[in-house]
Amino acid sequence: MIQDRPYQKEAVELALQFDGFCLFMEQRTGKSLPALRIIDARSPERLLIVCPPIAINVWHQYISEHKPQFGEAKIINFEALWSMRKQLKKWKPEFILCDEAHRIKGRNSKQSRGLRTLAKYARWKLALTGTPIEKNIWDAWAIYAFIAPEIFGLW
């Protein structure tokens with residue numbers, strides 16, 4: 001089993017204090033392992049992972065290697081999210097993980113709107129990104145609206 005680095009342990013401990021959390025960590029510093037630890041601690045019945053297409057197989061691999069405890073999981077890409085939103089709403093994901101969360105910063109994009117809509121029904125939300133906020137704080141609005149809409153409120 002892979003050992004957590006001290007900052008990863010700290011991230012997990014902090015994240016478990018909240019229902020919505022974002023790991024804004026540098027690229028290549030290991031966001032996936034803390035995410036798996038958080039999923040394991042929550043043990044959701046229905047886990048939804050939304051990620052870029054290239055990361056779908058990677059998440060399948062991570063899950064098979066680390067074997068976090070959860071019921072059923074769906075791993076989909078951002079592009080499929082909008083077309084599947086009605087089925088996913090009926091499925092009622094209990095935990096939503098958004099990998100590469102900077103992809104939802106465009107508040108009017110279908111990806112961003114679809115994920116924020118589903119987030120209303122999920123008990124736990126986790127966003128992962130290593131991409132810095134580029135222009136201003138409003139670039140982060142959609143990410144926070146996904147994980148904890150009470151922080152910034154309505155647009």
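**Exercise 1.** Find what Leu126 touches, leaving aside its neighbours within four places in sequence.

*Solution.* Start with the ground rules: this is a predicted model, where local features need pLDDT of at least 70, side-chain atom pairs count only at pLDDT 80 or more, and totals for chains, interfaces and linings use all residues. Residues are numbered from 1 along each chain as its sequence is written, and side-chain values use heavy atoms, with hydrogens and water left out. Now look for contacts (heavy atoms within 4.5 Å). The partners of Leu126 include Phe21, Leu23, Ala35 and Ile38. Also among them are Phe95, Ile96, Leu97 and Cys98, plus Phe146 and Ile147.

**Exercise 2.** Place Leu126 in the largest nonpolar core, and say which element gives the most to this core.

*Solution.* A nonpolar core joins buried Ala, Val, Leu, Ile, Met, Phe, Trp, Tyr and Cys residues through side-chain atoms within 4.5 Å; buried means under 20% relative accessible area (1.4 Å probe, protein chains only). The largest one has 22 residues, and Leu126 is listed with Ile49, Trp59, Phe95 and Leu97 as having the most contacts inside it. Among the elements that give two or more residues are H1 (6–15), H2 (32–42) and E5 (124–129). Helices (H or I, at least four residues) and strands (E, at least two) are DSSP runs, numbered from the N terminus. H2 gives the most, 4 residues.

A second, separate core has 21 residues, including Val50 and Ala148.

**Exercise 3.** Which element gives the largest share of the lining of the largest cavity?

*Solution.* E5 does, with 3 residues. Leu126 is one of the lining residues, alongside others such as Trp124 and Lys125.

Technical notes. Buried means under 20% relative accessible area, exposed over 50%, partly exposed in between (1.4 Å probe, protein chains only). On a 1 Å grid over the protein atoms alone, a cavity is a set of points where a 1.4 Å probe fits but cannot get out, and a pocket is an open set with protein on both sides within 12 Å along at least five of seven lines; lining residues have an atom within 4 Å of a point.
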